[in-house]
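I set down here what I looked up in this structure, entry by entry. The notes follow the order in which I turned to each part.

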Amino acid sequence: MEIRRTNLSEPIPPSTHYADEIARATAERAARRTYEPPRDGGAPDAFAQVVKQELEAVTDDLHQLSARIHQLAETAFEERESAQAIVELLRAHGIDAQTGVYGVETSVLAQVGGDAGAEVGDGESTGRTIGILAEYDALPEIGHACGHNVICATGVGAFLVLARAHAKAQLPGKVVLLGTPAEEGHTGKEYMAREGAFDSLDAAIMLHGYGYDCADQVWLGRRTLTVTYKGVSAHASAQPFMGRNALDAANLFYQGLGLLRQQMPPIDRIHAVIPEGGTRPSIVTEEAQVQVYVRSKFPETLKDLSERVHDVAQGAALMTGTAVELQWDVHPPSLPIRTNQPLTDRWVKHQNTVGRQPLPAGVLDESIAASTDFGNVSYRVPGIHPLLKISDESVALHTRAFEAASGSQSASKGVVDGAYGLAMTAADFLFDDELAASVTADFEAAGGRMDVPNFFN
């Protein structure tokens, strides 16, 4: 059958067939696979009841915080009002909080339990310490299309609830709230980590809004690369042979990446743009620039792919007689997430309590994976980053539809359910010595602590 396209004034809408097939297969796997979390252990039932009571008391505050962050929609490193909104809420409940910690102006720090008068990292806290993380940066133009307002409200909510519960039923350890800016396109957590933000933590937890409840999903590591080609300008008609065309080099590099994809593992990703490609057609381009994202499922395969991309960039310079400058990671790279299974088990248990059924690992198709700087945290301390359903399954992240969903009634319900799940997972870790030992054992069996800043050196 011959198909002729007659309207060239509009792009062809992408076919939904593959996405539909992914959704169908996901539903089929979900129907077959269930998650059986542990029934015993964790925090005492009496403490869980206190948590529920305190959550009910602050629900309106959490909804207001989520709506406020959603409305502000401040982008990376500019989240000043968002950070202040968190501080003001905590102070209204008698909790001291501060901004501008660990080298990032828009970060937030608060803590409760243990030796609450001591500085995080000075070794004075009693018992274990768990961190609850909150993100609140938005995307340019499309706002909270990744739902960070929900991440913020659940993290702050879990911390606030535990702080209020601590006043009635003593926590045996310490809970630290870390507001971590600049996740979108950056690695705010890595900047904070290098200043010691996670040094005193025994575990760290947070969640992410999504179209499904999922206990554990693949998140890819990500590196950035800026390649600048420098050639020799010339008159493109009179003396093209006297030039060395930087745009040709950029084009060859771009095409080389396309060919490289044929030999990449299926889950690996490369995407690039050419923001600079010359000034006029009549001038042989003297300088051109290509910006690249490189993603992979494992730290080691991310390193392998980076080396191949590096070679392709240099090869384009050889073919065109141009000079080349390669700048990796203007902002620190993101690692894949290493999920801690015992903590995940506790998260699922408490989500079941509020009527949610998080999918086990392997149900959602890994091909839809993105990246997050929480991966860098998960290679320093045991951690989890589960997904919380706040939208229809068909709504994708980084779209205007998800931005609307992150301000919806479904998101408001998610804020309450997510805050409860995080609070009780943290409480379980602090109360249950056997659980804490299994969390540590799982982390060590997966490879233990990594020297994140020097991994790619």
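**Entry 1: Nonpolar surface patch**

I looked up Leu247 first and found it partly exposed, with a relative accessible area of 32%. I note that the model is predicted. Partly exposed covers the range between under 20% (buried) and over 50% (exposed), so the 32% of Leu247 falls in that class. I placed Leu247 in helix α6, which covers residues 246-260. I then asked which residues make a nonpolar surface patch with Leu247. They are Tyr254 and Ile274, and the patch made by Leu247, Tyr254 and Ile274 is about 230 Å². Patch members must have over 30% relative accessible area, and Leu247, at 32%, therefore meets that cut-off.

**Entry 2: Negative surface patch**

I turned next to charge on the surface. I recorded a patch of negative charge in which Glu300, Asp304, Glu307 and Asp311 gather. For Glu307 I noted the element: helix α7, residues 299-320. I also noted its accessibility: Glu307 has a relative accessible area of 47% and is partly exposed. The cut-off for exposed is over 50%, which is why Glu307, at 47%, is classed as partly exposed.

**Entry 3: The sheet**

I traced an open sheet of 6 strands, in which the pairing is mixed. I wrote down its strand order as β1-β2-β4-β3-β5-β11. At the edges I found β1 (98-99) and β11 (383-384), each of which pairs on one side only. As a reminder to myself, strands of a sheet pair through backbone hydrogen bonds, either parallel or antiparallel.

I then examined β3 and β4. Strand β3 (residues 129-134) and strand β4 (residues 174-179) run parallel and are joined by 6 bridges. I located Ile130 opposite Val175 of β4, and I identified Val176 in β4 as the bridge partner of Gly131.

How many of the residues of β3 are buried? I counted 6 of 6, and β3 is mostly covered. I checked the two faces separately. Thr129, Gly131 and Leu133 are buried on one side, and Ile130, Ile132 and Ala134 are buried on the other. Both faces of β3 are thus recorded as covered.

**Entry 4: Thr425**

My last entry concerns Thr425, which I found in helix α11 (residues 409-431). Is Thr425 buried or exposed? Its relative accessibility is 0%, and Thr425 therefore counts as buried, the cut-off being under 20%. I also looked up its separation from His350. Thr425 and His350 stand 75 residues apart in sequence, while their C-alpha to C-alpha distance is 7.4 Å.

Methods: Residues are numbered from 1 along each chain as its sequence is written. This is a predicted model: local features need pLDDT of at least 70, side-chain atom pairs count only at pLDDT 80 or more; totals for chains, interfaces and linings use all residues. Side-chain values use heavy atoms; hydrogens and water are left out. Patches are made of residues with over 30% relative accessible area and no salt bridge: like charges are joined within 9 Å, nonpolar side chains (Val, Leu, Ile, Met, Phe, Trp, Tyr) within 5 Å. Accessible areas come from the Shrake-Rupley method with a 1.4 Å probe; for residues, only the protein chains shown count as cover. A salt bridge is a side-chain nitrogen of Lys or Arg within 4 Å of a carboxyl oxygen of Asp or Glu. Lys and Arg count as positive and Asp and Glu as negative; His and the chain ends are not counted. The place of a charge is taken as NZ of Lys, CZ of Arg, CG of Asp or CD of Glu. Helices (H or I, at least four residues) and strands (E, at least two) are DSSP runs, numbered from the N terminus. Buried means under 20% relative accessible area, exposed over 50%, partly exposed in between (1.4 Å probe, protein chains only). Two strands pair if DSSP finds at least two bridges between them.
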